[in-house]
Amino acid sequence: MNLLKQGLLLLGMLGGLVTEPLSSRAKLVTRTEFARGQLPRMTQWSQFQSADRTTDRAPLAVGPVWTPATQRWQQTTITYRLAPMSAYYRQIWRSAARHWSRVSLINLVETKAKSADITVQTKKQPAHVAPSIVGMTTSRHYSRTKLANLNVLATATATLYRDTTKALRYTRLQRIHVAEHEFGHTLGLQHAPFQQSVMYYVTRDRTITVADIRGIQRAYAN
Ligand SMILES: [Zn+2]
């Protein structure tokens with residue numbers, strides 16, 4: 001067998017490995033990501049000054065950058081289900097899903113099916129969660145299957161804490177930004193170590209940026 005054929009065989013095997021239906025017996029790994037709320041700039045300035053200063057010190061990235069991903073879905077059309085919530089929050093999650101679908105190559109499709117890839121919910125913050133946390137995403141990926149060197153997601157749940165966003169006086173648009181951030185995690189994106197990203201760990205005024213779109217493109221390119 002010549003080298004070209006060996007190469008093709010190897011590619012074929014790799015292809016078979018990743019396109020194989022994911023076994024329900026596959027071991028799942030859980031990970032949780034938090035989004036921290038950005039405190040208001042005008043109110044109670046002295047009390048919140050150190051938190052604001054931390055935010056201001058965040059580096060501005062130079063040159064073409066992309067938001068890192070460690071996970072992705074097998075497919076680019078991904079379903080999400082809204083847990084029971086008010087019409088106000090349903091619109092917030094739907095806006096965030098629309099924003100991602102409009103700008104990146106992934107398509108977030110709402111479904112009522114319990115088998116949805118992603119579940120989004122809006123909750124009162126539990127007592128054990130730090131008061132500055134505005135959102136959280138928990139995801140599970142398969143332990144062995146990888147696509148483009150990324151873990152393949154099995155399920156994800158994104159949460160927005162309505163009492164925290166209210167206490168921090170987030171506007172409707174800023175709550176949409178939190179939902180965009182959490183959706184970013186459910187798509188496999190991690191926190192960006194620079195300011196020009198909706199995936200910066202502190203979220204309030206940032207929306208989806210070119211760095212985030214590049215991050216999705218890299219993760220889902222093949
Ligand atoms: Zn986060």
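## The zinc site

Three histidines hold the zinc ion in this predicted model: His 181, His 185 and His 191 each donate through NE2, at 2.0 to 2.1 Å from the metal. Donors here are N, O and S atoms within 2.8 Å of the metal (3.2 Å for Na, K and Ca), and water is not among the atoms, so the site may look incomplete. Along the sequence, the donor residues follow the pattern H-x3-H-x5-H.

How buried or exposed are these ligands? His 185 counts as buried, at 2% relative accessibility, while His 191 is partly exposed at 24%. For the cut-offs, buried is under 20% relative accessible area, exposed is over 50%, and partly exposed is in between (1.4 Å probe, protein chains only).

## The β6–β7 hairpin

Strands β6 (residues 133-147) and β7 (residues 150-161) run antiparallel and are joined by 9 bridges. Two strands pair if DSSP finds at least two bridges between them. Helices (H or I, at least four residues) and strands (E, at least two) are DSSP runs, numbered from the N terminus.

Thr 137 has Ala 158 in β7 as its bridge partner. The hairpin has 2 residues between its strands, and Ala 148 takes a positive phi near 50° there.

## The loop around Pro 84

Pro 84 sits in the loop between β3 (77-82) and α3 (87-103). Its relative accessible area is 80%, so Pro 84 is exposed. Thr 122 is 38 residues from Pro 84 in sequence, yet their C-alpha atoms are 8.4 Å apart in space.

## Reading the numbers

Residues are numbered from 1 along each chain as its sequence is written, and side-chain values use heavy atoms, with hydrogens and water left out. Local features need pLDDT of at least 70 and side-chain atom pairs count only at pLDDT 80 or more, while totals for chains, interfaces and linings use all residues.
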